[in-house]
Amino acid sequence: MIFIIMILIIIIIILSTYLFLINKELKSIPDKIESIKNSQSNQLMHTQYNIKNINSILIEINHLLKKSNAMALQYELKNQSLRKMMTNISHDLRTPLTSAVGYIDIILNNEMSEEERLKELKIIEERLRKLEELINSLFEFSKIVSSDNNIEMEKVNLISVLENSIIDFYDDYSKQNRMIHIDNFYRQIELDSNVMLLTRIFDNLINNAFVHSHSDLYIQVIKDEDIQIIFTNDLMNNDIDVDKMFEEFYTTDISRTNGNTGLGLAIAKEFVLRLDGQIYATKDNGQLSIIVKFKTV
């Protein structure tokens, strides 16, 4: 009888100690969370005592902490990108506007011939059109990224859409004694896509090559495991960063002075992603290649 009582006492002591440690550990959890929150570090929760149930709780808490840290980092990167974007927008809007105002001041405060006046007015018109282009691009891009509408997909002949885009830019290239060459062995490549978005992708890429190069544009279509459309042209500016060129408002100093909005490739990327495709760029020996990939049907 005494033996049984002693066993029971030992069990009670062990259980009491176990419950005491659990209670102590549970009470410390809010303080640890508060400390991690105030320190704004990537610190995780650790248990002082190896208690299975407490460990399970801390594993879940650490999972949430890691997720929270990742979201905080993403938020900070987005915040930095937003600040940079606002700086670029301010610069891009101000440059053509300031230039136009300057030429207006010249016309108003200087005597000049009608021919000289018309020349200055044409410059003003050019600056204001660049400003209009930027504002329209800003509006279009904001509309794209904020839209949650489902894309209506249908069977599309990629070759037909690509050839129509090439035809639309034929005169622009011809006026500069430049050509668009297409290396393609297919008359028809069908894929599930959207004609409007696909057209805008090709238009933006062809226009990007037109604005940022003085060379011919070479387009190659490859059908293998994926469908690849490769746009290649000579680089005017070898400083371009192919890892950043699809970011919103990314421009080099040279393209910025030429009035480039820095949105054409960002819009093209957004449309490619919405069509479940991939887009990236490479540069080699003074040439830039932009590769668009879509899945075969």
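A residue is called buried when its relative accessible area is under 20%, exposed when it is over 50%, and partly exposed in between. By that yardstick Tyr170, with a relative accessible area of 49%, is partly exposed. The structure discussed here is a predicted model. Tyr170 is found in helix H5, residues 170–175. Ten residues further along the chain comes Ile180, and the C-alpha atoms of Tyr170 and Ile180 are separated by 7.4 Å.

Stepping back to the whole chain, the secondary structure comes to eight helices and seven strands. The chain has 297 residues, of which 34% are buried. Among contacts between residues at least 6 apart in sequence, 68% join residues at least 24 apart.

A good place to begin the tour is the sheet. Five strands form an open sheet in the order E2-E4-E5-E7-E6, and their pairing is mixed. Strands E2 (180–183) and E6 are the edge strands, each pairing on one side only. From one strand to the next, the twist averages 15°. As general background, strands of a sheet pair through backbone hydrogen bonds, either parallel or antiparallel.

The parallel sense is seen where E2 meets strand E4 (residues 217–223), the two being joined by four bridges. Here Ile180 stands opposite Leu217 in E4. This is the Ile180 whose C-alpha atom is separated by 7.4 Å from that of Tyr170, so to speak a link back to the opening paragraph.Strand E7 (residues 287–295) has antiparallel partners on either hand in the strand order. With strand E5 (residues 226–234), E7 pairs in the antiparallel sense over nine bridges, and Asp226 stands opposite Lys295 in E7. With strand E6 (residues 278–284), E7 also runs antiparallel, here over seven bridges, and Tyr280 stands opposite Ile291 in E7. E7 is mostly covered, seven of its nine residues being buried.

The hairpin of E6 and E7 has two residues between the strands. One residue of interest in the loop between E6 and E7 is Asn285. Most residues other than glycine have a negative phi. Asn285, although not a glycine, has a positive phi of about 55°. Because its relative accessible area is 73%, Asn285 counts as exposed.

A second positive phi is found at Asp276, where the value is near 60° in a residue other than glycine. Asp276 follows helix H8 and lies in the loop between H8 and E6. Its relative accessible area of 57% makes Asp276 exposed. Within H8 itself, the buried residues are Leu265, Ala266, Ile267, Ala268, Phe271 and Val272.

Helix packing can be followed through helix H6. The axes of H6 (residues 195–211) and H8 (residues 264–274) come within 9 Å and cross at roughly 150°. Angles over 145 degrees count as roughly antiparallel, and H6 is therefore roughly antiparallel to H8. The crossing of these two helices, H6 and H8, is left-handed. On the H6 side, the contact is made by Leu197, Arg200, Ile201, Asn204, Leu205 and Asn208, which meet Gly264, Leu265, Ile267, Ala268, Phe271 and Val272 in H8. Together the residues of this contact divide into eight nonpolar, three polar and one charged. Several of the H8 residues named here, including Leu265, Ile267 and Phe271, are among the buried residues of that helix. As a general point, an α-helix has 3.6 residues a turn, so residues three or four places apart point the same way.

H6 also packs with helix H4 (residues 158–168), and the axes of H4 and H6 come within 9 Å and cross at roughly 45°. This angle is neither under 35 degrees nor in the range from 65 to 115, and H4 and H6 are therefore oblique to each other. H4 passes H6 in a right-handed crossing. The residues of H4 that take part are Leu158, Val161, Leu162, Ser165 and Ile166, and they meet Val195, Leu198, Thr199, Phe202, Asp203 and Ile206 in H6. The contact of H4 with H6 divides into eight nonpolar residues, two polar and one charged.

Conventions. Residues are numbered from 1 along each chain as its sequence is written. This is a predicted model: local features need pLDDT of at least 70, side-chain atom pairs count only at pLDDT 80 or more; totals for chains, interfaces and linings use all residues. Side-chain values use heavy atoms; hydrogens and water are left out. Buried means under 20% relative accessible area, exposed over 50%, partly exposed in between (1.4 Å probe, protein chains only). Two strands pair if DSSP finds at least two bridges between them. Axes are lines fitted to C-alpha atoms, for helices over the stretch in contact, and angles run from 0 to 180 degrees between N-to-C directions. A crossing is left-handed if the near helix is turned anticlockwise from the far one by less than a right angle, and right-handed if clockwise. Contact means heavy atoms within 4.5 Å. Ala, Val, Leu, Ile, Met, Phe, Trp, Tyr, Cys and Pro count as nonpolar, Asp, Glu, Lys and Arg as charged, and the others, Gly among them, as polar.
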